[in-house]
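Visitor: Before we begin, I should like each descriptive term to be justified as we use it. Could you proceed in that manner?

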Amino acid sequence: MARLRDCLPRLMLTLRSLLFWSLVYCYCGLCASIHLLKLLWSLGKGPAQTFRRPAREHPPACLSDPSLGTHCYVRIKDSGLRFHYVAAGERGKPLMLLLHGFPEFWYSWRYQLREFKSEYRVVALDLRGYGETDAPIHRQNYKLDCLITDIKDILDSLGYSKCVLIGHDWGGMIAWLIAICYPEMVMKLIVINFPHPNVFTEYILRHPAQLLKSSYYYFFQIPWFPEFMFSINDFKILKHLFTSHSTGIGRKGCQLTTEDLEAYIYVFSQPGALSGPINHYRNIFSCLPLKHHMVTTPTLLLWGENDAFMEVEMAEVTKIYVKNYFRLTILSEASHWLQQDQPDIVNKLIWTFLKEETRKKD
């Protein structure tokens with residue numbers, strides 16, 4: 001009996017792990033089946049349209065707009081990867097580092113690059129695998145540990161030891177992890193539409209609505225097929241994400257111009273441009289939940305209430321993981337793409353947070 005009692009916790013842990021991975025793979029199969037049906041439907045309506053992809057040889061002019069900043073590159077010594085970023089503001093000013101989400105790239109921060117360059121050296125990074133940053137081939141190169149190390153190395157290469165760190169969506173996930181693992185590097189943390197990672201992993205297992213909203217996490221576990229589905233019908237899924245009534249930028253927000261949308265399609269239509277971004281998601285289930293999870297940095301969490309991918313309740317729960325000043329602002333009628341949707345309000349809230357004195361919780 002004593003031996004059984006000793007083995008019981010390990011047995012329960014093993015069973016829980018088996019149940020979790022069974023759920024993951026079953027849901028992967030379900031998502032793949034749904035997308036396969038969509039593909040067959042598209043082929044039935046018109047095979048030529050399904051595989052149509054106009055040539056895009058030259059980037060839209062908005063990507064070289066000088067008012068957004070200067071295009072720069074830095075090669076990291078340890079990893080050997082070359083990173084691309086756009087920088088605005090004078091060198092020597094405090095660093096503001098901007099981390100984009102999926103499927104985005106540095107351009108999603110265009111409103112913030114213009115706004116904060118007066119007082120900061122604003123750097124909008126293309127994350128590993130995105131845009132003009134190098135994209136390793138193997139999915140193992142996109143583990144969260146690698147992504148965290150990237151940000152630390154970028155700071156070192158830029159000549160800074162700390163920064164104001166802002167992340168949206170998947171970039172918000174990385175921003176949370178940087179604040180947890182390297183709190184000395186983050187003066188203030190600002191996250192847009194992504195909860196603390198532990199809140200996300202716990203909530204998704206208990207709330208079927210969030211499980212459905214996060215179905216793309218499971219779909220992305222499948223090799224090559226997600227990349228293919230994104231590219232058919234001239235990147236119809238990408239266009240839908242940003243412009244549709246259900247998932248796109250809010251009706252009262254700053255709509256993407258035709259040139260803005262073309263900039264996204266141009267970047268993700270380049271050869272192999274989708275594999276790196278999707279590989280970010282292909283390691284997530286082996287990396288969460290976190291062993292260390294408390295945040296000791298003053299934190300601002302901004303949330304679009306009409307986020308089609310994240311339940312707003314997760315924003316409220318996040319505060320229990322921040323052992324410092326924490327402010328949450330939920331914007332009604334705003335979408336998941338908050339810094340593009342409501343840039344004036346977002347910029348004002350960020351300025352207020354940056355200028356106010358924040359005191360640590362007792």
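Guide: A contact here means heavy atoms within 4.5 Å. By that criterion, F235, L238, K239, F242 and T243 in helix 9 meet L261, Y264, I265 and F268 in helix 10. The model is a predicted one.

Visitor: What makes the arrangement of helix 9 and helix 10 describable in numbers?

Guide: Two packed helices are described by the angle between their axes and the distance between the axes. Helix 9 (225–243) and helix 10 pack at an angle of about 145°, with axes 10 Å apart. Their crossing is right-handed.

Visitor: Why is helix 10 called largely enclosed?

Guide: A residue is buried if its relative accessible area is under 20%. Eight of the eleven residues of helix 10 (residues 258–268) are buried, and therefore the helix is largely enclosed by the rest of the structure. The buried residues are D260, L261, A263, Y264, I265, Y266, V267 and F268. They pack against several helices, including helix 3 (110–116), helix 11 (275–279) and helix 13 (338–341). For the chain as a whole, 54% of the 362 residues count as buried.

Visitor: How do you know which strands lie at the edges of the sheet?

Guide: Two strands pair if at least two bridges are found between them. Eight strands form an open sheet in the order 1-2-4-3-5-6-7-8, with mixed pairing. Strand 1 (70–75) and strand 8 (326–331) each pair on one side only, and they are the edge strands. The twist averages 20° from one strand to the next.

Visitor: What makes the pairing mixed?

Guide: Strands of a sheet pair through backbone hydrogen bonds, either parallel or antiparallel. Strand 2 and strand 4 pair in the antiparallel sense over four bridges, with Y85 opposite L125 in strand 4. Strand 3 and strand 4, by contrast, run parallel and are joined by five bridges; here L98 stands opposite A124. Strand 3 (residues 95–99) also pairs with strand 5 in the parallel sense, over four bridges, where M96 faces V164 and L99 faces G167.

Visitor: How do you know that both faces of strand 5 are covered?

Guide: In a regular strand the side chains alternate between the two faces of the sheet. In strand 5, C163, L165 and G167 lie on one side and V164, I166 and H168 on the other, and all are buried. The count for strand 5 (residues 163–168) is thus six buried residues of six.

Visitor: Why is strand 4 described as largely enclosed?

Guide: Five of the five residues of strand 4 are buried, so this strand is largely enclosed by the rest of the structure. R121, V123 and L125 occupy one face, and V122 and A124 the other.

Visitor: What is the hand of the crossover from strand 5 to strand 6?

Guide: Strand 5 and strand 6 (residues 186–192) pair in the parallel sense over six bridges, and G167 stands opposite V191. The chain passes from strand 5 through helix 5 (residues 170–181) to strand 6 in a right-handed β-α-β crossover. The term right-handed applies because, with the strands pointing away from the viewer, the path from the first strand over the helix to the second runs clockwise. Strand 3, helix 3 and strand 4 make another β-α-β unit, which is likewise right-handed.

Key: Residues numbered from 1 in each chain as written. Predicted model: local features only at pLDDT ≥ 70, side-chain atom pairs only at ≥ 80, totals over all residues. Heavy atoms only, no water. Buried < 20%, exposed > 50% of the residue type's maximum accessible area, 1.4 Å probe, protein only. Helix = DSSP H or I, 4+ residues; strand = E, 2+ residues; numbered from the N terminus. Axes fitted to C-alpha atoms, helices over the stretch in contact; angles between N-to-C directions. Left-handed = near helix turned anticlockwise from the far one by under 90°.
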